Every structure is written in C-alpha cells, then in structure tokens.
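Please walk me through this protein model. I would like to see how one of its helices and one of its sheets are put together.

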Amino acid sequence: MLLSALPLSAAELDPAQPIASAGTETITTGAFVQQVQVGMRQRFYHGKIPEGELEKFGNEVLQQMIDRSLLLQEAKRRKLQPDTQAIEAEIAGYDKQYASSERWQKERTQRLPLLRANLEQQSLLKVLEEQVRKVPAPSEKQVRDYYKQNPDKFTTPEKVRVSLILLKVEPSSPATAWQGAMEEGKGLVEKLRKGDDFAALAKLHSGDASAEKGGDLGYIHMGMLAPEAQQAIDQLKPGEISEPVRLLQGVALLRLDDRTAAKLNPFEQVKERAADLQVRDNGDTAWKKVIEQLRKQTTIIIDQKALKALFTPRETAVTAQGSGVQK
C-alpha cells in the first residue's frame, strides 16, 4: 500500500503500527489509512476532501472500524457461521466477471484468501444484524400506540395544484437577460390580473414542458417545488398569481389553483403499514443498543498521538519541530 497516496504524514509511519484496539482486536495504521482512502473516494467528488474536514472524517472512519471489530467479535461469541454458499457464489461471480483478465488469472491464488476472509466477515455481520433485528411482532395495542405517537408518518401531506409560466433564462446569462425576463414577467402578471387567460399565455410564453397543458403542473406535494417557488405559493390563495419569482431555470409566474390540507389517515387504513414501520424501528433500536452495549463493556484504546500525527502535514510538523513548538 502506498500510504503517501493520502495527503497525510502517513508515509513516515509504520503501516503495522496499531492505531487503536477494541477488546482483543487491533486496528493497524495501514488498515486505517486504506479505509480512509476508500471512504474518500466513495463520499467526496474525485476523492478530494474539503479543506479542514480530513481529521473529522478520519475520526468518523476509525469509529466505524471499531464498531465493525466489536460486532465481528460478538458474532464469534455467538458462534455464528457465515453463509458459505453465498460466499462461494460471489467468488464464482468474480471468476466469471474476470474470466478474460490475465491479471486476475495470474493473481487469483494470491488474492483469494483475502477476498474470502473479507466476504466471510461481511457475511458474519449480515447474519448478526439479521439476528438482532429479528424482533417480536408488536401487538395491536402497541401498533395503535405507535400510530398515535407518530402521526407524521401516517399523514398525507398538503397538496397544491399549481399552474406555471416559465420565462427561461440560462443560469450563466448576463444580468441584463435576467432583468429583461423580470420585466416581461411583470407585464404578464399585469395582464393576468386584468383577466387574460393563463393557459393561453403559458402556451405562448412558457419554456416549461407544462406549456402544452396551459401551464398546469397538477397536484404537487410539499418539497417538490424549488424553495423560492414554494415560498411564493405559500403566500397565495386559490386563484391568485404570484409576482415574478427568480429560479435557477429562469423567471416563474405561479398561480395557485387548489390547496388540499394535510390529512391524518385513519388507523384501520394504515394499520398494516404502521406494524411494518414499528418492526423496522424496533429493529433499528435493537441494533443500536447492541453497538452501545458492546462499546460499554469492551475496552477501547485509541493512540491519539499516532492519530494526530496522521493528520499533521509533513511541512507543518517540520516547521513546528524547528520552531520549538511541542507537538
């Protein structure tokens, strides 16, 4: 592994050096740095982490690795077994996918033990999680209580029916183009408020796909509109037309055609869904409790000095050392 691939001072450190331990297992610097690299590629654009976020992200990764270690140890304590059939099927999938790869054929024997070990760990974690999340089905009383305690989960949100005229402007257009669209929008609002037909003007002026339907967007749930458009709609009564609103795509004129209030669905109508949601939530709680309990009952040690060194750029460390600053 090339530790220098990460923008840390890791190249100066020993990859085999333990950076943390959880119970009987240790986490090495090399494994930690590798996981940070993988996480950066998955979460951040081009794998480049925003300035000042690296140390925070690294600590988050280390805590996840500690949780993983604790859960694997718990799976072994429970004498759980990985799904060997699924593992063999996945390995067969690799063989099929890379059948024409000379590199895979050459390195397969060397890579296979590590691949199998990783797949076994993933399988053990999956088996453990399934076991922990397998909670008893709630009684009808418990489901009813859950329904009463979480009305937002069973409420059909407010819906609004909206018509739109969009005067399209490219985001990169000069200010004069935006100002021209705003002036055109004000003129259209004046016509509409004097009685001109909204659908006819939408077909003539709107650059939105809804123009063919006279600007009718149909019924829209909360959150489907851009925040600026939603704010404008919130201030309207049915039949009213907004002032021109600047959006990313251009200048919008909005008419509120109808508003349907949020409605709590009757228990009998959502009983089955409520039971499913409660089982899911209870499973989430059980899983979190297992992790919390493992952390409480297990000795966890983090080498804070080594961890800090990983996030200290080499030039900073040299400067601090030369100036007599204690690291």
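What follows takes a helix and then a sheet. The model is a predicted one.

Start with helix α8, which spans residues 227-234. Its buried residues are Ala229, Gln230, Ala232 and Ile233. These cover an arc of only 160° around the axis, which puts them on the same side of α8. The general rule helps here. An α-helix has 3.6 residues a turn, so residues three or four places apart point the same way.

Now look at both faces of the helix. Pro227 and Gln231 are exposed, and they sit on the face of α8 turned away from its buried side. The buried residues of α8 pack against three strands. These are β4 (159-168), β6 (245-246) and β7 (250-260).

Move on to the sheet. It is open, has 3 strands in the order β2-β1-β9, and its pairing is antiparallel. The edges are held by β2 (25-28) and β9 (300-302). Each has a single partner strand, so one side of each is left without a neighbour in the sheet. On average, neighbouring strands of this sheet are turned by 20° against each other, direction ignored.

Strand β1 covers residues 18-22. Its antiparallel pairing with β9 runs over 3 bridges. Ala22 stands opposite Ile300 in β9.

A helix also packs on this sheet: α1, residues 29-43. Helix α1 touches β1 and β2. The direction of α1 makes about 60° with that of β2.

Key. Residues numbered from 1 in each chain as written. Predicted model: local features only at pLDDT ≥ 70, side-chain atom pairs only at ≥ 80, totals over all residues. Heavy atoms only, no water. Buried < 20%, exposed > 50% of the residue type's maximum accessible area, 1.4 Å probe, protein only. Helix = DSSP H or I, 4+ residues; strand = E, 2+ residues; numbered from the N terminus. Arc of directions from axis to C-beta. Contact = heavy atoms within 4.5 Å. Pairing = 2+ DSSP bridges. Axes fitted to C-alpha atoms, helices over the stretch in contact; angles between N-to-C directions.
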